[in-house]
Amino acid sequence: MRLAARLALKVPAIQRVYNERNDLRRRLDEALDRQGNGHLGRYSPFWHFNASFDPEAVVRAHAGASVTADPEYLTNFLGVKIHPRYFPGLLDGRGGEVEDVPVPANWHADLAEWAAALRAVDLARGTFTVMELGCGWGCWLNNTGVAARRRGLDVRLIGVEGDRDHVAFGREATAVNGFAPAQVALHHGLATARSGTALFPRQETGGSHWGLEAVFNPDAATRARLLAAGTHYEIPMRSLEDLSAGHERIDLLHIDIQGEEAALVAATLDVLARKVAYIVIGTHSRQIEGALFDTLLAAGWLLEIERPALLAIEPGGPRVTVDGVQGWRNPRLLPA
């Protein structure tokens, strides 16, 4: 090091900047050295999250010590079994595999979302009740439920899903992963702020499309037209208050409802404050992320982890390529 540089480092402000730069370089080098699942590469955007805890340590701590393969199912690092037919084309031929820890991501979710969900498991005591809105095959019901069961917690799973084939997948998956019917409540419908009816798109093969968008409270003409065309079927809208009836505490509420996240949260702040200890939200735009920040921060919730939605900049404007994720802690039920 040159004399001028050594002298400059005697100045506290310069010394601080120098140390921070070296620390940033060290952390970046460590991140780039991690191979994750190989196909994600060194420069994965899924390393770019903000958190108040160590997400990688949380996820790795839950890895099953003796996960065994099943020839019919893809088995993940927790020991959760997923049938390849739930995701035709994506998981074809992967029966019999055991997946590595999803660092920085796997085919379904990234490190930030895995860590946020498992963080809720770590904070639970005695019992663990998870509610998943837009549950599909029961992804977060099964993953957090298995992790909580391994911790010795008494587990309850509540799922809401609009696609009837996916509800069937959820019933099958929870049974295959060892949950008794009494532990599981799966509702065919949509979670909303208030009760009502909606129309949900039909698909020919279950699992072919995920993230289908419903038509909420359609007018009479729209309802008649879509039902007559056979493109949609009618399902109930269920309020969060109704869905949580009989449960004093929800340890994890996972929300992934195709763009309605901010509206639901804003309309249900009272029940969230009273009953929900931790929220993990899949976000579908930067605008939704900002609205959630405004609503939940003003209501006193603590943001513990977030990765913004990933965008592609196109001539018509930005397009979300990967949903974002946020993890929020309720200090009323989970004081620091």
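A disulfide is a pair of cysteine sulfur atoms within 2.5 Å. Keep that cut-off in mind for the cysteine stop below. The model on screen is predicted.

**Whole chain**

Start with everything selected and coloured by secondary structure. The chain holds 11 helices and 16 strands. It has 336 residues, of which 48% count as buried. The accessible surface is about 15,800 Å², and carbon and sulfur atoms account for 53% of that area. Among contacts with a separation of 6 or more, 71% involve residues 24 or more positions apart. Several of the stops below show such pairs of residues.

**Cys135 and Cys139**

Select Cys135 and Cys139 and show their side chains. Which cysteine sulfur is closest to that of Cys135? It belongs to Cys139 and lies 9.9 Å away, so the two are too far apart for a bond. Taken from the other end, the cysteine sulfur closest to Cys139 is that of Cys135, at 9.9 Å, again too far for a bond. The number of disulfides under the 2.5 Å rule is zero.

Are these two residues buried or exposed? Cys135 counts as buried because its relative accessibility is 6%. Cys139 has 3% and is therefore buried too. Leave both selected, since each appears in the lining of a cavity: Cys139 in that of the largest and Cys135 in that of the second largest.

**The largest cavity**

The structure contains two cavities of 30 Å³ or more. For the largest, with a volume of about 40 Å³, select Asn76, Ile82, Glu99, Asn106, Trp107, His108, Trp114, Trp137, Cys139 and Asn143. By class, this lining is made up of five nonpolar residues, four polar ones and one charged.

**The second largest cavity**

Now move to the second largest cavity, which holds about 30 Å³ of space. Its lining consists of Cys135, Gly136, Gly159, Val160, Glu161, His166, Val167, Gly170, Leu186 and His187. Which elements each supply at least two of the lining residues? They are strand E5 (154-161), helix H6 (164-176) and strand E6 (184-188). Here the division is four nonpolar, five polar and one charged.

**The cis peptide at Pro104**

Go to Val103 and Pro104 and display the backbone. The peptide bond between Val103 and Pro104 is cis, with omega at about 5 degrees. Pro104 sits in the loop that runs between strand E3 (81-82) and helix H4 (111-123).

**Val130 in strand E4**

Select Val130, a residue of strand E4 (127-133). Its relative accessible area is 0%, so Val130 is buried. Beyond the residues up to four places away in sequence, Val130 touches Trp140, Leu141, Thr144, Arg156, Leu157, Ile158 and Leu252. Then add Asp251 to the selection: Val130 and Asp251 are 121 residues apart in sequence, yet their C-alpha atoms are 5.9 Å apart.

**Ile281 in strand E12**

Next is Ile281, in strand E12 (residues 278-283). Ile281 has 0% relative accessibility and therefore counts as buried. Neighbours within four places in sequence aside, Ile281 contacts Ile255, Glu261, Val265, Leu292, Leu296, Gly324, Val325, Gln326 and Trp328. One of these, Trp328, is 47 residues away along the sequence and 8.4 Å away in space, C-alpha to C-alpha.

**Leu269 in helix H10**

Keep Leu296 shown, since it is also a contact of Leu269. Leu269 belongs to helix H10 (residues 269-275). Is Leu269 buried or partly exposed? Its relative accessible area is 26%, so Leu269 is partly exposed. Outside the residues up to four places away, Leu269 touches Thr295, Leu296 and Ala299. The C-alpha atoms of Leu269 and Leu296 are 8.4 Å apart, with their positions 27 residues apart along the chain.

**Leu333 after strand E16**

Finish at Leu333, in the segment that follows strand E16 (324-329). With 22% relative accessibility, Leu333 counts as partly exposed. Where does Leu333 make contact, leaving aside its neighbours within four places in sequence? Select Arg249, Ala273, Arg274, Lys275, Val276 and Ala277 to see the partners. The pair Leu333 and Arg249 spans 84 residues in sequence, with 8.8 Å from C-alpha to C-alpha.

Key
Residues numbered from 1 in each chain as written. Predicted model: local features only at pLDDT ≥ 70, side-chain atom pairs only at ≥ 80, totals over all residues. Heavy atoms only, no water. Buried < 20%, exposed > 50% of the residue type's maximum accessible area, 1.4 Å probe, protein only. Helix = DSSP H or I, 4+ residues; strand = E, 2+ residues; numbered from the N terminus. Contact = heavy atoms within 4.5 Å. Areas by Shrake-Rupley, 256 points an atom, 1.4 Å probe, with all protein chains shown as cover. 1 Å grid on protein atoms, 1.4 Å probe; cavity = no way out; pocket = protein on both sides within 12 Å on 5 of 7 lines; lining within 4 Å. Points joined across faces, edges and corners; volume = space filled by probe spheres on them. Nonpolar A, V, L, I, M, F, W, Y, C, P; charged D, E, K, R; others polar.
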